[in-house]
Amino acid sequence: MEKPNIILLGAPGSGKGTRAVVLSEVLGVPQIATGDLFRKNLKLMTEIGKVAKGYIDRGELVPDEVTAAMLRQRLEEPDAQNGFILDGFPRSVNQAKILDGLLAQKGAKINSVIYIKVDDEEIVKRLSGRMICSKCQAPYHKIDNKPKREGVCDKCGGELVVRDDDNPDTIRKRLKVFHETTFPLVELYPKSGILSEIKSEKSANGLKFDMAELSRRLGFIK
Ligand code: AP5
């Protein structure tokens with residue numbers, strides 16, 4: 001069976017992170033989320049974190065050379081050698097080329113791209129109610145995906161917080177960047193025959209069944 005080298009593609013707030021957490025459990029491979037990696041760097045005040053801060057606060061993409069260097073390092077880690085779920089990379093045609101180059105050096109390639117389609121209106125609703133764990137970054141929603149204990153992460157017990165970039169102005173800017181720069185990937189990948197489109201209309205609960213079904217259909221599990 002092929003190692004799952006998966007890209008989750010979708011607008012900000014489409015549910016990439018929510019699905020990646022579940023897919024990672026189903027497939028036993030790590031979720032690699034460039035946004036989460038940036039937020040870890042911000043918290044630790046690393047050089048990458050300092051460079052990324054302004055871009056993230058404005059809802060813009062961090063320059064490719066910074067993002068690619070961070071991703072290259074993460075892909076070298078032992079847990080990523082049997083497959084991975086990329087959440088938030090690539091976000092442009094240029095980043096897709098960079099990714100192909102990084103993987104080619106390891107004799108690997110992407111074998112599945114999952115595009116999560118959601119309307120902008122729904123996205124604004126989701127992001128306005130989102131909370132994330134300050135420790136493990138797992139996403140929750142004040143109405144649709146509540147934690148068992150208010151303000152506390154189900155997975156690690158960390159405190160739930162609202163992300164700085166989940167404010168109306170930055171959400172609008174992030175959506176604009178998605179439509180202009182990231183959406184062209186949805187037109188690029190079908191040419192390679194590896195794109196599956198899923199509609200994310202259901203609530204975030206009950207995703208485990210859906211993700212296991214999808215993994216079976218894609219041939220990653222029996
Ligand atoms: P990043 O952290 O990747 O943010 P994003 O792409 O804007 O995506 P989000 O994390 O906001 O949303 P998501 O799709 O994961 O949705 P979630 O599952 O949380 O990036 C942040 C910034 O970092 C970027 O703006 C950029 O500056 C920088 N960056 C990152 N990668 C980069 C790159 N490659 N190049 C350059 N810069 C980069 O769900 C959202 C909410 O909806 C949650 O509350 C959830 O509970 C709820 N929800 C999820 N699914 C459902 C459902 N089915 N029904 C109802 N509610 C749902």
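## Helix crossings and a pocket

Let's start with a pair of helices: α1 passes α9 in a right-handed crossing. The model you are looking at is predicted, and a few of its helix pairs make a friendly way in. Two packed helices are described by the angle between their axes and the distance between the axes.

For α1 (residues 16-27) and α9 (residues 207-217), the axes come within 9 Å and cross at roughly 60 degrees. That angle makes α1 oblique to α9. On the α1 side, T18, R19, V22, L23, E25, V26 and L27 take part, and they meet L207, K208, M211, A212 and S215 of α9. Sorted by class, this contact holds 7 nonpolar, 2 polar and 3 charged residues.

Next, look at α4 (residues 64-75) and α5 (residues 93-104), whose axes come within 11 Å and cross at roughly 30 degrees. Because angles under 35 degrees count as roughly parallel, α4 is roughly parallel to α5. Their crossing is right-handed. From α4, the contact draws on D64, A68, L71, R72 and L75, while α5 brings N94, Q95, I98, L99, L102 and L103. By class there are 7 nonpolar, 2 polar and 2 charged residues in this contact.

The third pair is α6 (residues 120-128) with α7 (residues 168-182), where the axes come within 11 Å and cross at roughly 140 degrees. These two helices are therefore oblique to each other. Again the crossing of α6 with α7 is right-handed. D120, I123, V124 and L127 of α6 make the contact with I171, R174, L175 and H179 of α7. Of these residues, 5 are nonpolar, 1 is polar and 2 are charged.

Here are the three pairs side by side.

| Helix pair | Axes come within | Crossing angle |
|---|---|---|
| α1 and α9 | 9 Å | roughly 60 degrees |
| α4 and α5 | 11 Å | roughly 30 degrees |
| α6 and α7 | 11 Å | roughly 140 degrees |

Now for some empty space. The second largest pocket has a volume of about 390 Å³. Its lining is made of 17 residues, and R39, L42, I132, R163 and D164 lie nearest the centre. Which elements give two or more residues to this lining? They are α2 (34-43), α3 (47-58) and β5 (130-133). With 4 residues, α2 gives the most. By class, the lining of this second largest pocket has 6 nonpolar, 2 polar and 9 charged residues.

Key
Residues numbered from 1 in each chain as written. Predicted model: local features only at pLDDT ≥ 70, side-chain atom pairs only at ≥ 80, totals over all residues. Heavy atoms only, no water. Axes fitted to C-alpha atoms, helices over the stretch in contact; angles between N-to-C directions. Parallel < 35°, antiparallel > 145°, perpendicular 65-115°, else oblique. Left-handed = near helix turned anticlockwise from the far one by under 90°. Contact = heavy atoms within 4.5 Å. Nonpolar A, V, L, I, M, F, W, Y, C, P; charged D, E, K, R; others polar. 1 Å grid on protein atoms, 1.4 Å probe; cavity = no way out; pocket = protein on both sides within 12 Å on 5 of 7 lines; lining within 4 Å. Points joined across faces, edges and corners; volume = space filled by probe spheres on them.
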